[in-house]
Amino acid sequence: MTWREAAHGVRAWKWTLPSLIAITCFVAVFMQVGADWDWLVALGDHVRSTGEVPAGVPFAAADTSGWRNVPVLSEVFASSLHDLGGWSVGAAHMVLVSLGLIVLAVAGRKERTGDHVVAGALLLLCIGALPALTLIRVQSWSLLFFPLLLLLVTTQARRPDHRIWWAPVLVAVWGNLHGAVLLGVCVLGAYLLCGRLRQRPAETAAVGAMSLIALCLNPQLWWTPQYYWGVLGNVSATRGEGLWARPSLTHALDLALLGASVVLLALVLRRRRAWWEYVALLGLVAATASAARHGVWLLCLLVVLLPEPGGRALGGGLAEEEIVARERRAGTAVTVAVILAIVLPIALTRGDVHKNNPDVVAAVVRTAGDRVVLAPAPLVEAIAVEGITIWAGNPLDAFSRTDQAAYLDFLEGEPGMASAVAESDVVVVPHDSPTAQKLASDGQFSVVACGPGWSCFVRR
């Protein structure tokens, strides 16, 4: 990379680079640990200490014997980051977010889409997918892998070659980290079936078959479909609650998601699309309608499908194309260096973002001892990391549907929580919650303060 190429590359990113800096700095300042991260740490601690993948969830008292543990690699990584300190969790999240956004920018510019268009699209993505970017959760891994798959697919759609064989490799690694790989495989399948099969039938069929096999290359092997069936059919998803809540017109973040999606969709559909793009868009629109958490993947696809409004024309043949390609690579390299140089120090100054209500966690640990604790997420997973036995929590799909329903009813203070409370020795709830009001009149429990705003109801 020469200085001239680097200078031209940076000039080509003159709007995108400031956009990326603004987005990543915002995320670095406001990121926090979400509700489904600490269970990775707790399971990863068990895997690393015993050298075995547990049958079920070892830190839960409710029955999980039939659960298939697929994302073991994610658990081991989370546990290792936890050992390094909470600063490493935030830094790792920022690396994933930053690289994922840069990959989206590269993919969106492949057809010489205007720099200002890509910059604006990334800002819309940030507005629409704010929870996905700022909350450190299991899906943080997919914030890099989904854009990588989109970059591969869109590149192959323009110029098919043997590099499509990276798809099974990507799926194999991704499948050991997070379940959004299913949506990635669906997008890949849309391209293979509707965009490539007629051109290269044998190769396309082989890549599709290998990608499905790669999806099962984890400790559960042929039991992998059972794991995903449980995830998609859990009670929270059936009810449309929590992380599986559908978009709501009364929720500000959902309105932002819908608004950003409509604007980008209008831009994308201004020109005729390939059939595989229509299929992929329709699938992700349906996924977003079923759960708002999938909206980030729809926005990612829309960013990379942005049409060219009149970008730089190439008239010099292969030589000029090679020059432009080198400039793009140089601009990308400089962008990566600049973003990480700015964002990582900010992330590191955040300190231990991993701690979730540390005073409350410490108080519950002292109160609980070796007794079974029932508590809401994300507190319950933080307690599990400290070695306390919980009744149930994330991963919710590991439990029977009856226990899942009882736990969700406990979160809402509904009568169905009775079985969960009956099997627990310590119940931790906010002072003013409906559950606290009901337990206060239950003679089986005595109340103990468990940190600011929280009460521990201890069975007598």
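In this predicted model, the side chains of Glu-277 and Arg-273 meet in a salt bridge, with 2.9 Å from N to O. Glu-277 is buried, at a relative accessible area of 10%, and Arg-273 is likewise buried, at 6%. The structure holds eight salt bridges. This briefing treats the charged pairs, the cysteines, two helices, a hairpin, some backbone features and a surface patch.

**Salt bridges**

- Side chains of opposite charge can pair when their charged atoms come close.
- Salt bridges with shared partners link Arg-196, Arg-200 and Glu-203 into one network.
- Within this network, the side chains of Arg-200 and Glu-203 meet at 2.7 Å, N to O.
- Arg-200 counts as partly exposed, with 30% relative accessibility, whereas Glu-203 counts as buried, with 17%.
- Another salt bridge brings together the side chains of Asp-161 and Arg-163, at 2.7 Å from N to O.
- Asp-161 is buried, with a relative accessible area of 16%, while its partner Arg-163 is partly exposed, at 40%.

**Cysteines**

- A disulfide is a covalent bond between the sulfur atoms of two cysteines.
- The model has one disulfide, and it joins Cys-450 to Cys-456, with an S to S distance of 1.7 Å.
- The torsion about the S-S bond of Cys-450 and Cys-456 is about -125 degrees, so this disulfide is left-handed.
- Both Cys-450 and Cys-456 are buried.
- For Cys-216, the closest cysteine sulfur belongs to Cys-186; the two sulfur atoms are 14 Å apart, which is too far for a bond.
- For Cys-300, the closest cysteine sulfur is that of Cys-126, and the distance of 12 Å is again too far for a bond.
- Cys-300 is buried, with a relative accessible area of 3%.

**The hairpin of S5 and S6**

- Strand S5 (residues 445–449) and strand S6 (residues 454–459) run antiparallel and are joined by five bridges.
- Ser-446 stands opposite Val-458, a residue of S6.
- Four residues lie between the two strands of this hairpin, where Gly-451 takes a positive phi near 95 degrees.

**Helices**

- An α-helix has 3.6 residues a turn, so residues three or four places apart point the same way.
- Helix H2 (residues 16–30) contains 15 residues and reaches 21 Å from its first C-alpha to its last, close to the 21 Å expected at 1.5 Å a residue.
- The buried residues of H2 include Leu-20, Ile-23, Thr-24 and Val-27.
- Ala-28 is also among the buried residues of H2, and its C-alpha atom is separated by 9.3 Å from that of Pro-345, although the two residues are 317 residues apart along the chain.
- Pro-345 is located in helix H17 (residues 317–349) and is partly exposed, with a relative accessible area of 42%.
- Helix H6 (residues 115–128) contains 14 residues and reaches 20 Å from its first C-alpha to its last, close to the 20 Å expected at 1.5 Å a residue.
- The buried residues of H6 include Val-118, Ala-121, Leu-122 and Leu-125.
- Cys-126 is another buried residue of H6, and its sulfur is the closest cysteine sulfur to that of Cys-300.

**Backbone features**

- Most residues other than glycine have a negative phi, and most peptide bonds are trans.
- A cis peptide bond joins Ala-377 to Pro-378, with omega at about 5 degrees.
- Pro-378 lies in the loop between strand S3 (373–374) and helix H19 (379–385).
- A cis peptide bond also leads from Asn-394 to Pro-395, with omega near 0 degrees.
- Pro-395 is placed in the loop between H19 and helix H20 (401–412).
- Leu-221 is not a glycine, yet it has a positive phi of about 50 degrees.

**A nonpolar surface patch**

- Trp-165, Met-210, Ile-213, Leu-217, Leu-221, Trp-222 and Trp-223 form a nonpolar patch on the surface, and together they have about 750 Å² of accessible area.
- Leu-221 lies in the loop between H11 and H12 and is partly exposed, with a relative accessible area of 38%.
- Trp-223 is in the loop between helix H11 (201–215) and helix H12 (224–232), and this tryptophan is partly exposed, with a relative accessible area of 37%.

How values were computed
Residues are numbered from 1 along each chain as its sequence is written. This is a predicted model: local features need pLDDT of at least 70, side-chain atom pairs count only at pLDDT 80 or more; totals for chains, interfaces and linings use all residues. Side-chain values use heavy atoms; hydrogens and water are left out. Patches are made of residues with over 30% relative accessible area and no salt bridge: like charges are joined within 9 Å, nonpolar side chains (Val, Leu, Ile, Met, Phe, Trp, Tyr) within 5 Å. Accessible areas come from the Shrake-Rupley method with a 1.4 Å probe; for residues, only the protein chains shown count as cover. A salt bridge is a side-chain nitrogen of Lys or Arg within 4 Å of a carboxyl oxygen of Asp or Glu. Buried means under 20% relative accessible area, exposed over 50%, partly exposed in between (1.4 Å probe, protein chains only). The expected span of a helix is 1.5 Å times one less than its number of residues. A disulfide is a pair of cysteine sulfur atoms within 2.5 Å. Two strands pair if DSSP finds at least two bridges between them.
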